[in-house]
Each structure stands twice: as structure tokens, then as C-alpha cells.
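Good morning, colleagues. Today I shall present one structure, beginning with its charged side chains and then turning to its sheet. Please look at the sequence and the model as they appear.

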Amino acid sequence: MKKYIVIGNPIEHSLSPKLHNYLFKKNNIDANYGKRKINKNEIQEIITEIKGNKLDGINVTVPFKTDVIPFLDMLSEESQITQSVNTIYIHDKKLVGHNTDIKGFELSLKDTEFDLNNKSIFILGAGGVVPSIIYALKKLGVSKITVSNRTSQKAENLKENFPNIDLVDWGDQPEFDIIINATSLGLNKEDKIGLIFKNINKEKLFYDVIYNPKETNFLRTGKSLGCQVSNGKMMFIYQAFEAFKLWHKVKPKIDDELKNFLDL
Ligand code: ATR
């Protein structure tokens, strides 16, 4: 039986085991997927396990997506540019790090059917997931990306990697067609982002990377303005699907049964 795990801290709430184990059953794959809460100094131990064939693949979640990089033999171009690895696999006896968050975000945005042509994007936050979002948006050919982060230094660091992005102070609000919450504000139901949306027409998309709770205050605001809204559920599902495809060479099917099963 093949063995897969997701590592992170915290890890209790990760839905990856539930999703991957469901997909194993559906696709008749003899494998098991678990989760492990680790500290940074335990990464080496996990790497030894995969190198010793005790593990067949690893998903990496917050806060280790960058920390695992020095332990790997190779990075995909996506991981290289974003300095973020969420999927580890073995290829030709080499340990490879890849980033499926990019494709996850890209596919989820396509699912919204929001027209991306010539659009301005406003991203709130500059944490771990933001380089993946910017990479995907650039690939999709949006015209302008503006980032705002409470800690301005972190936004400036991001600009070193992506010089074409614009930065605005936290609390400021540029013109936008799509606004993306990539902060952790909203994980607690009562969290408020604190932006006052003035003169907002209905033609916008409010996208929240958070999928639990299903509807953050941020999305509720978007809805009350009559705008289209999307949470991070499909991004989560698609990033898992991409890892699954890499590991098992099988393309999983998305259907209502899966969505109901995950209860997202
Ligand atoms: P990390 O910052 O370690 O990469 P993350 O979960 O990927 O962690 O990112 C959290 C994001 O939410 C950051 O952009 C963070 O802003 P700071 O860089 O200023 O910390 C943002 N965030 C978290 N709590 C916030 C709050 N109360 N107000 C505004 N932004 C907040």
C-alpha cells in the first residue's frame, strides 16, 4: 500500500486526507493518506522517510511551503518562481517539489466564468499563498495587479520577485475588477477586513481564498453590494486534484457527490 501525508502546523483542520482517501476509493488505488503536525526541525526526518520509500508523496501546507525547499533535489519552474512547494514526489530517484496551488487558483478562477480580459486585480495580503496567485494571474493575462498588506515590508519583498505589481498602503483602495482576500482574516467568523467599499458597482468579483467558513464577512460584503462572489473551495479541490494526477497518473472526476462529501 502506498503512503501519502500532508505536513503542516496546525494540521487538525486539513481536509486533504478526507479528499485523497475518497479519491483512492473511487479510483481503486491501494493507498492511504494521513496528516502529520510537525515542527520545522522535523522536516529532515520526513525527507528521510520519503527517500527511504516509507512515504510515496507529501503535501506541504502552512507554514512550511518555503521551508521544505532546501531539502529537495529539484523544483518545478512554478515552485522556483513562487518559492513555494505544496507537493513533493519522486522522479528518477530525485525528490521534486512542485506547486499545485497555482493551477488550483487558476482553475477555480476560470470556474467563476468572470471575464478576465483587461481586468485589474486587488489582492489583500502578502503571505505564503500570494506568489502563487500572482503567478496564476500573470499567466491568465490580467492587466494590472495591486497588493496591499498590513506589514508593508512583506509587500515590498513580494515586489522584488514580481516587479510589475503595484503596492498600496493597508486600508487604501485602488480601482479594481476583482478583489481577492488572501489574508487569514475571515478564518474566525467575526473577523472583518475593515475596508469601506464606496462607489462599488455590481460588475466585480469578490474572491476569498478561505473556504471554511464558507462565507466570510468579506464575501458577505461583496454579496450585499450585488457582486459575484467565490470562496476558496474549488481552489482547494483543484490543487488536490493536481497533486493526485502527479502521483497516480489518474485524472479524478469532480461531481456533486464529492462536493457533498467534503461538505464545503
Ligand atoms: P505568513 O504571513 O506567515 O505567510 P499567511 O497565513 O500566509 O502567513 O499570511 C497571513 C496574511 O494575513 C498576511 O498577509 C497577514 O498580514 P501581515 O503580513 O501584516 O501579518 C495577514 N493578516 C493576518 N492577520 C491580519 C490582520 N489582523 N489584519 C490585517 N492582515 C492580517
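Which residues are linked with Glu106 in a network of salt bridges? The network consists of Glu106, Lys110 and Lys139. By salt bridge I mean a side-chain nitrogen of Lys or Arg within 4 Å of a carboxyl oxygen of Asp or Glu.

Before going further, I should state that this is a predicted model, in which local features need pLDDT of at least 70 and side-chain atom pairs count only at pLDDT 80 or more, while totals for chains, interfaces and linings use all residues. Residues are numbered from 1 along each chain as its sequence is written, and side-chain values use heavy atoms, with hydrogens and water left out.

Let us take one pair from that network. Between the side chains of Glu106 and Lys139 there is a salt bridge of 2.8 Å, N to O. This pair links distant parts of the chain, since Glu106 lies in helix 4 (residues 101–111) and Lys139 in helix 5 (residues 130–140), 33 residues apart. Helices here are DSSP runs of H or I with at least four residues, strands are runs of E with at least two, and both are numbered from the N terminus.

Is Glu106 buried or exposed? Glu106 counts as buried because its relative accessibility is 5%; buried means under 20% relative accessible area, exposed over 50%, and partly exposed in between, with a 1.4 Å probe and protein chains only. Lys139, at 48%, is partly exposed.

The whole structure contains twelve salt bridges. Among them is the one between Asp115 and Lys119, whose closest N and O atoms are 3.7 Å apart. Here Asp115 is partly exposed at 47%, whereas Lys119 is buried at 15%. Another joins Glu215 to Lys223 at 2.7 Å, N to O, and Glu215 is partly exposed, at 24%.

I turn now to the sheet. It is open, with six strands in the order 2-1-3-5-6-4 and mixed pairing; two strands pair if DSSP finds at least two bridges between them. Strand 2 (31–37) and strand 4 (74–75) are the edge strands, each pairing on one side only.

Strand 3 (residues 57–60) and strand 5 (residues 87–91) run antiparallel and are joined by two bridges. Ile58 has Ile88 of strand 5 as its bridge partner. Helix 8 (residues 233–248) packs on the sheet, touching strands 1, 2, 3, 5 and 6, where contact means heavy atoms within 4.5 Å.

Terms used:
Axes are lines fitted to C-alpha atoms, for helices over the stretch in contact, and angles run from 0 to 180 degrees between N-to-C directions.
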